[in-house]
Amino acid sequence: MSALQAVVERRGQQIFGLVDQHPESIFTKAGFYQKMMAFSMRDETFKVQMFRFVDVLASLRRSGDIVAHLREYFRGMDSFIPMLQTGLRAAGIFPWLTAFILRRNVSGMARQFIAGRDGADVMKTLRKKRKEDIGFTVDLLGEAVVSEKEADEYAARAMELLETLARETRGWTDPLGKNPELFPVVNLSLKISAFYSQMDPAAPEEAIAHLAPKLRPILRRAKEVGAFVNFDMESYAQKNGTFDLFKALFTESEFADWPHVGIVVQAYLRDAERDLKDLIEWGRKRGTRFAVRLVKGAYWDYEKIISSQNGWVCPVYLQKPESDACFEACTRILLENEAIVTAAFGSHNVRSIAHAMAYAEELGIDQSRFEFQLLYGMAGPIKRALVEMGYRVREYSPVGELLPGMSYLVRRLLENTSNEGFLRAKFSDNLSPAQLLRDPKELITPEKASPDGQRNGYHSAAGFSLDTPPGDTYENAPMVNFVHRQTQEQMKTALREVRGRLGRQYPLTINGEKVTTGKWMPSLNPSSPNEIVGSVAEAGIPEAERAVSAARAAFDKWSRTSVEHRAQLLERLAAIMERRRFELCAVEVFEVGKAWDEADGDIREAMDFCLFYAQQMRILGRPRITQHVAGEENYQHYWGRGVALVIAPWNFPIAILCGMVSASLVTGNTVIMKPAEQSAICGALLMEMFEEAGVPKGVLNLLNGDGAVIGEHLVNHKDVDLIAFTGSREVGLHIWKAAGETRPGQRELKRVICEMGGKNAVIVDSDADLDETIVDSVYSAFGYQGQKCSALSRLIVLEENYDRVVERLLAAAASLRVGNPQEPGITVGPVIDEAAYQRILATIEAGRKEATLAYQAKDVPKEGYFVPPTIFIDVKPNARLARDEIFGPVLSVIKVRDLDEALEVANGIDYALTAGFFSRSPANIERIKAELVAGNVYINRSCTGAVVGRHPFGGFKMSGGGTKAGGGDYLLQFLIPRIVTENIMRHGFAPEETPRYRDEFLVRRPGSTVVEK
Ligand SMILES: Cc1cc2nc3c(=O)[nH]c(=O)nc-3n(C[C@H](O)[C@H](O)[C@H](O)COP(=O)(O)OP(=O)(O)OC[C@H]3O[C@@H](n4cnc5c(N)ncnc54)[C@H](O)[C@@H]3O)c2cc1C
C-alpha cells in the first residue's frame, strides 16, 4: 500500500467513525421522503414514475388534477406498495385531502434540498448553519430562462439576493478564523445560462458580448461588498463558453486584481484535466489568485443521452471509478498549484474527500487553505464530521420557489438513488469503509474504459435480422458538434473559402457529358440578393429529351448491376460528403440562408440517406423465400422500375434531393434529377460528388431549368416510369394527376412518390412543462424561418394555460437572434427569395384582419429577404391563418377549451404531416398517440428534426402519399416486386431444404451488355 493510500484510509476511517456517531437520517425508514427513496431504490419503474410525478406536481393547481395524475402515474403499482393503495383509495373519497397531503409531502421533500424561498427566507437557514460552523454559497434557482425578459428578471433577483446576503451577514466572521482573506463569508454561485436565453455553443464570442454587460454590475457590487462569486458549470454545451467568459471578465482591468472569483471543473468530463491546467495557466498570467470548485458533475445521464442521440463522442467517462480517479488527479493538480488557486472540493464521497485531505498533508498545505463544499440537505453527518475535524465546510444552498426548483429536486433525488453513488453505497447499501475507501484507479475495468474519441453508439451494425427494426441496425452519421473551437474554425474557414468562389458556372450533366445551353440561371444569396452564389446552365426541351434517352439507355445495365455495387456507390458518396462537409454547409448558408446547425443537419441527413438506403437495399436485394413448401422454390425479389424523375425542393437542398436520388439509384433505376431553381448550386455539387463516387454515365443526369417547362415535359414523358417529388401541394397534385394519364408507347404505369406540405399543429396541455414547451415551440416555428415542411404553424393551447403560454412565448420570440446566418448562433435568417418574401408579408397583412398580431420582430436586417418573426394570437380555427400553409416565420396561436376541442382543431385540416403534444399526463399522452392525425407525431419535443431510420418522415391526406423517407419500407416504392417459382421435384424426388435466401437474379437480358458484380 502506498503511503498516500495509508493516509487516505486513516482520514477516511476517521470520517466514518465520526459519521457513525450521528447516523444519517434521510436513509432511515420513517417518513414520506424516506419511504419514497426506499421504494425507488427497490423498483426502477416506481422510481421513474415517482420522479415524473414529483416533476409535474408543482404545476398542478386543482385537487382533481393532482389525484388524476396520481392515478395515471401509479396505475397497477398499488398492489406492491401499500402506502399507494391507501393513498389511491383515499383519493377517491377525499380528493382535496389527498392533494393537500401530497403537496405538503412533496413540498417537504423539496424543502429538504432548497434552503429558502427568497433572500429573507434563506437567512433563517444560513443563521442556523452558522451556529454549526458551516458556511454557505447561495444559488438562485430558476435558471431555465426562455427569453431575455426572464433573463433580466433573473439578473435582478440575483442582485437583490446579493444585497440581502451582504446586509444580513454584516459582522459575520470566518468560522475557522484562519486565512479568512481567502474565503469571504458571502459566496454567490451563478449559473451563466440564466443570464442569456440565446446562448449558443457555436457562438462563444457573441455570448460573451451579451453576458459580460449583464454580469458586470453584479460582479462590481460583489467586489464592493467583499463577496465571492462562483460560476457554476452546467451542460457540456455551455462549458467552453463559461470558461471563456470567466477568463475574459476577470482579465478586465476592473476585475483583474480580484481574488474572490471561482469556477467549477467537472471531473466526469474527459476534458477536465486539460481544462484545469489551462485555467491555472491563465491564472498565472493574470497574476491574481482565484478559486476552483472541483466536482464530478450533475448532468451525467443527460450528457450520455444527448451525445448518443447526435452521434457524438461522449464527453463524460462511462465508468464511475474513472470519474473518481479524474477527481483525484484534478485534486492533485489543484493542490500542487495552491500558490495561485484556492481549492474547493465539492463532493459527498468520503474517499474523494479523504484523498484531498491526505494529499494536502503530503504537500504540507494547511487545512485552512482549502475547503469542502457539500449540498444543502445532503450528507449531514459528513459535514458534521468535517467540521469536527477542523476543516472548512461550505454548504451549497439553493434559493427559490418550488416550481423552478423541481428540476433541481429531481437531480438530487436521482443522485441519492443512483446505483453507483457514494451516498447510496454508504447509507443504504451499507458497504464497508474498506470497500468505500479503495483507490478508484484499481476499480476501473480496462477493457470497459472507452478510449477518447470513441462514439457513444448503442446500435450494433452487426447481428441484425430482418425482424429487427431498421433503425436499430443502423448507426446514424454524427452531427457536427459546434461546441468545439476546432469545428467553429472549420466552419469559418469554409465560409471564407466558399465566399471566394461565389459566381462560378455549372453546366448540365447528360449522359456523362457537361452541357451548356448559352442560357444561365443565377442563384442568389437570400441574405444579400445582389450576390450571385453561382449560375447553372438552363435546360430546355431538347436537353430534357436527351436526358431521358440517356437514362433509358443506361437502365438495362444499371438495373442488373449488383446491389452491392450500387450500395457501395452510395457509401462512397457519403464519404465524399463527410470530406466536404463544412464546404457543403457553407454553400447552404449562402444559397438558401440556413443557419450553421441547420445546414449541418441537412448534410448529415443526406449522408444518412445514402448509408441507410445502402444498408436497406442489401437486405431487400437478396431474393428471399416466400414460403417453405416441399418440391417448390418460391423467391421474391425486386427490379427497378425504370427511369426516375426526381424533383426536389430548396428547403433541404442536399438532403431531400440526395435522398430521392439515392433511393432511386440503389434500387436500380436511372435518374434525371432536377433541383429547385433556388438551390441549383447545391444540386450541381451533388452531381459533382456522385460523379466522383463513380456513377456511370447516363445513370444520373442533371437538368436545371424552369419546372413549368422541363418539369412538365418530363412528368408527361412516356419514358419516365417513376416520379419522386417533394414540394408544394399545388405542383404535387398536378403531377399526381398528370402521371395518371397513360401516353402512347408508355411501358409502365407511372409510380408517383409525392411529399407535400403541412399545416402542423402542436397542442399544449394544461400540465405541460412550459420551459420545454416554449423553447421547443419557438424553435419548431421559427427555426430555418419556418420553412421546413415539418415546421410548427398552429399552436393550440388549452385555455387554462393560455395566458401563461402566450406571455412566455411572445417574450421568447422577441429574444430570437434574427440575422445573416453566416454569423454563428443565428436562429432566424432570410426567407428563400423575393417571391416568398412578398407572399409572406402579404399573408401577415391579411392576417391582421383575422386575428390579433401579438408580436412582430422589429429589428431585422434591411438588406435581404428577412421576414420578421410574427405571432398571431386568438386565431380562430377556421381563419385562413390557421388553414393555409404559409411556409415562413409566422405562428398562429389558437385557444381551446379542452383536449377534445384541441384534437378537433388539430385534426380538422387538409394536411397530416407533423404534429406535437406537450403534456405530463400519461392518459392524455396515450390518447394523443392514438388520435392525433399526422404522419409524424412528436410528444414533448420539437416537431421538426426527423432523423433517418429513427423517425421515417412523411405525411398523408394532402401532405403526401404516405411514403416514409428514411424508413424501412421507403425503397419499396421504387421497386417492382417479382416472384420466381421453380418446381424442383424430379420424378417424385426433391431436395429437403430450400435456402431462405439465394443469389441475385443478375443474368443479363438479351441485348444488354456485361454485368458488373
Ligand atoms: C457544493 C457542490 C457544488 C456543485 N456544483 C456543481 C456544478 O456547478 N456543476 C455540476 O455539474 N455539478 C456540481 N456539483 C456536483 C453534483 O451535483 C453531484 O453532487 C456530484 O457529482 C456528486 O458527486 P460525489 O462525489 O458527491 O458522489 P459520488 O457518488 O462519488 O459520485 C457521483 C457522481 O459520479 C459521476 N458518475 C455517476 N455514474 C457514473 C458512471 N457510470 N461513469 C462515470 N461517472 C459517473 C456523476 O458525476 C455522479 O454525480 C456540485 C456538488 C457539490 C457538492
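Leaving aside its neighbours within four places in sequence, which residues is Phe231 in contact with? Let's start there. The model on the screen is a predicted one, by the way. With those sequence neighbours set aside, Phe231 is in contact with Leu190, Ile192, Leu215, Leu219, Thr242, Leu245, Phe246, Leu249, Phe250, Gly262, Ile263 and Val264. Phe231 also belongs to the largest nonpolar core, which has 140 residues, and together with Ile382 it touches the most other members. Apart from that one lies another core, of 81 residues, with Trp558, Tyr613, Val948 and Phe974 among them. As a general point, nonpolar side chains in soluble globular proteins tend to be buried together.

Okay, let's zoom out to the whole chain. There are 33 helices and 30 strands in the secondary structure. If you draw a box along the principal axes, the C-alpha atoms fill roughly 100 × 80 × 65 Å. What about the radius of gyration? A compact globule with 1013 residues would be near 31 Å, and the chain has 32 Å, so the two agree. Of those 1013 residues, 60% count as buried. And if you take the contacts in the chain with a separation of 6 or more, 77% of them come from residues 24 or more positions apart.

Now the barrel, so find the strands. Eight of them close into a barrel in the order 1-2-3-4-5-6-7-8, and the pairing is parallel. On average, neighbouring strands of this sheet are turned by 30° against each other, if you ignore direction. Quick reminder for anyone new to this: strands of a sheet pair through backbone hydrogen bonds, either parallel or antiparallel.

Let's walk along a few of these pairings. Strand 1, residues 134-140, pairs with strand 2, residues 187-190, in the parallel sense over two bridges. In that pairing, Asp139 stands opposite Ser189 in strand 2. Moving on round, strand 5, residues 290-295, and strand 6 also pair in the parallel sense, over five bridges. There, Ala291 has Thr342 of strand 6 as its bridge partner. Strand 6 then joins strand 7, residues 371-375, through three bridges, and the two run parallel. Here Ala344 stands opposite Glu371 in strand 7.

Stay on strand 6 for a second. How many of the six residues in strand 6, 341-346, are buried? The count is six of six. In a regular strand, side chains alternate between the two faces of the sheet. On one side of strand 6 you have Val341, Ala343 and Phe345, and on the other Thr342, Ala344 and Gly346, and both faces are covered.

Next, a couple of serines in loops. Ser193 is found in the loop between strand 2 and helix 9, which is 204-225. Buried or exposed, what is Ser193? Ser193 counts as buried because its relative accessible area is 14%, and the cut-off for buried is under 20%. Not counting residues up to four places away in sequence, Ser193 touches Glu143, Val145, Met199 and Glu234.

Then there's Ser235, in the loop between strand 3, 228-231, and helix 10, 236-249. At 12% relative accessibility, Ser235 is buried. With residues within four places set aside, Ser235 is in contact with Tyr299, Tyr302 and Glu303. If you like distances, the C-alpha atoms of Ser235 and Asn940 are separated by 20 Å, and these residues are 705 apart along the chain.

One more loop residue: Gly888, between strand 24, 870-873, and strand 25, 890-896. Gly888 is buried, with a relative accessible area of 6%. Leaving aside neighbours within four places, Gly888 is in contact with Gln785, Gly786 and Ile840. From Gly888 to Ile576, 312 residues apart along the chain, the C-alpha atoms are separated by 32 Å.

Last stop, the cysteines. How many disulfides does a search of the whole structure find? Zero. Take Cys754 and ask why. The closest cysteine sulfur to the one in Cys754 is in Cys789, 12 Å away, so that is too far for a bond, given that a disulfide needs the two sulfurs within 2.5 Å. Cys943 tells a similar story: its closest cysteine sulfur is in Cys789 too, at 11 Å, which is too far for a bond. Both of these cysteines count as buried, with Cys754 at 3% relative accessibility and Cys943 at 0%.

That's my tour. Happy to go back to any part on the screen.

Technical notes:
Residues are numbered from 1 along each chain as its sequence is written. This is a predicted model: local features need pLDDT of at least 70, side-chain atom pairs count only at pLDDT 80 or more; totals for chains, interfaces and linings use all residues. Side-chain values use heavy atoms; hydrogens and water are left out. A nonpolar core is a set of buried Ala, Val, Leu, Ile, Met, Phe, Trp, Tyr and Cys residues joined through side-chain atoms within 4.5 Å. Buried means under 20% relative accessible area, exposed over 50%, partly exposed in between (1.4 Å probe, protein chains only). Contact means heavy atoms within 4.5 Å. Two strands pair if DSSP finds at least two bridges between them. Helices (H or I, at least four residues) and strands (E, at least two) are DSSP runs, numbered from the N terminus. Axes are lines fitted to C-alpha atoms, for helices over the stretch in contact, and angles run from 0 to 180 degrees between N-to-C directions. The radius of gyration is taken over C-alpha atoms; the globule rule is 2.2 Å times the number of residues to the power 0.38.
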